[in-house]
Amino acid sequence: MAALDLLGRRWTLRILWELSHAPAGFRELQRRCERMSSSVLSTRLHELTGARLLVLHDDAYHLTPLGEHLVEALTPLQAWSRRWADETGADGEEKAPGRR
């Protein structure tokens with residue numbers, strides 16, 4: 001439940017996804033995650049570092065091996081999400097069930 005709580009926090013999965021492509025410093029991550037406030041980014045980076053999913057090295061955040069395994073474990077969910085979007089025509093939150 002603790003892992004689901006952490007992953008369910010706003011922007012957490014986006015940060016992990018961005019860092020799975022390439023390490024990034026604070027400002028670069030903020031640029032990649034347009035609309036995320038610096039305070040939220042700072043909090044999430046602190047939480048993810050504390051959970052040993054990220055490490056700060058040479059002024060850039062990197063996924064740890066544990067973080068890489070987490071991203072790998074989420075791959076089936078990404079595949080399912082694409083299929084769901086294709087089958088339902090959903091291309092964003094505004095079309096998700098229960099949303100107006």
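The protein chain of this predicted model contains six helices and two strands. Read along the sequence, these elements follow the pattern α-α-α-α-β-β-α-α. The C-alpha trace spans about 45 × 25 × 25 Å along its principal axes. Of the 100 residues in the chain, 30% are buried. The accessible surface amounts to about 7,200 Å², and carbon and sulfur atoms account for 54% of that area. Among contacts between residues at least 6 apart in sequence, 43% join residues at least 24 apart.

The two strands, β1 (residues 54-57) and β2 (residues 60-63), run antiparallel and are joined by four bridges. One of the pairings places L56 opposite Y61, its bridge partner in β2. The strands form a hairpin with two residues between them. Within this turn, D58 adopts a positive phi of about 55°.

The hairpin region is also approached by a residue from an earlier part of the chain. G25 is found in the loop between α2 and α3. With a relative accessible area of 17%, G25 is buried, since residues under 20% are placed in that class. Leaving aside neighbours within four places in sequence, G25 is in contact with D59, A60 and Y61. Of these residues, Y61 is the bridge partner of L56. The C-alpha atoms of G25 and L56 themselves lie 8.4 Å apart, although the two residues are separated by 31 positions in sequence.

Charged side chains provide further links. The chain carries 14 positive and 14 negative charges, whose mean positions are 5 Å apart. A search of the whole structure finds nine salt bridges. One of them pairs R9 with E47, the closest N and O atoms being 3.2 Å apart. R9 lies in the loop between α1 (2-7) and α2 (12-21), whereas E47 belongs to helix α4 (residues 38-50), so the pair ties together parts that are 38 residues apart in sequence. R9 counts as partly exposed, at 28% relative accessibility.

Other salt bridges are formed within a single helix. In helix α3 (residues 26-32), R32 and E28 are four residues apart, about one turn of the helix. Their side chains meet in a salt bridge with an N to O distance of 3.1 Å. The two partners fall into separate accessibility classes: R32 counts as buried at 14% relative accessibility, while E28 counts as partly exposed at 29%. Both residues also belong to a network of salt bridges that links R14, E18, E28, R31, R32 and E34.

A further intrahelical pair occurs in helix α6 (residues 75-88), where R83 and E87 are four residues apart and thus separated by about one helical turn. The closest N and O atoms of this salt bridge are 2.7 Å apart. Both partners are exposed, R83 having a relative accessible area of 56% and E87 one of 59%. In the α3 pair, by contrast, R32 is buried and E28 is partly exposed.

Definitions and conventions
Residues are numbered from 1 along each chain as its sequence is written. This is a predicted model: local features need pLDDT of at least 70, side-chain atom pairs count only at pLDDT 80 or more; totals for chains, interfaces and linings use all residues. Side-chain values use heavy atoms; hydrogens and water are left out. Two strands pair if DSSP finds at least two bridges between them. A salt bridge is a side-chain nitrogen of Lys or Arg within 4 Å of a carboxyl oxygen of Asp or Glu. Buried means under 20% relative accessible area, exposed over 50%, partly exposed in between (1.4 Å probe, protein chains only). Contact means heavy atoms within 4.5 Å. Accessible areas come from the Shrake-Rupley method with a 1.4 Å probe; for residues, only the protein chains shown count as cover. Lys and Arg count as positive and Asp and Glu as negative; His and the chain ends are not counted. The place of a charge is taken as NZ of Lys, CZ of Arg, CG of Asp or CD of Glu.
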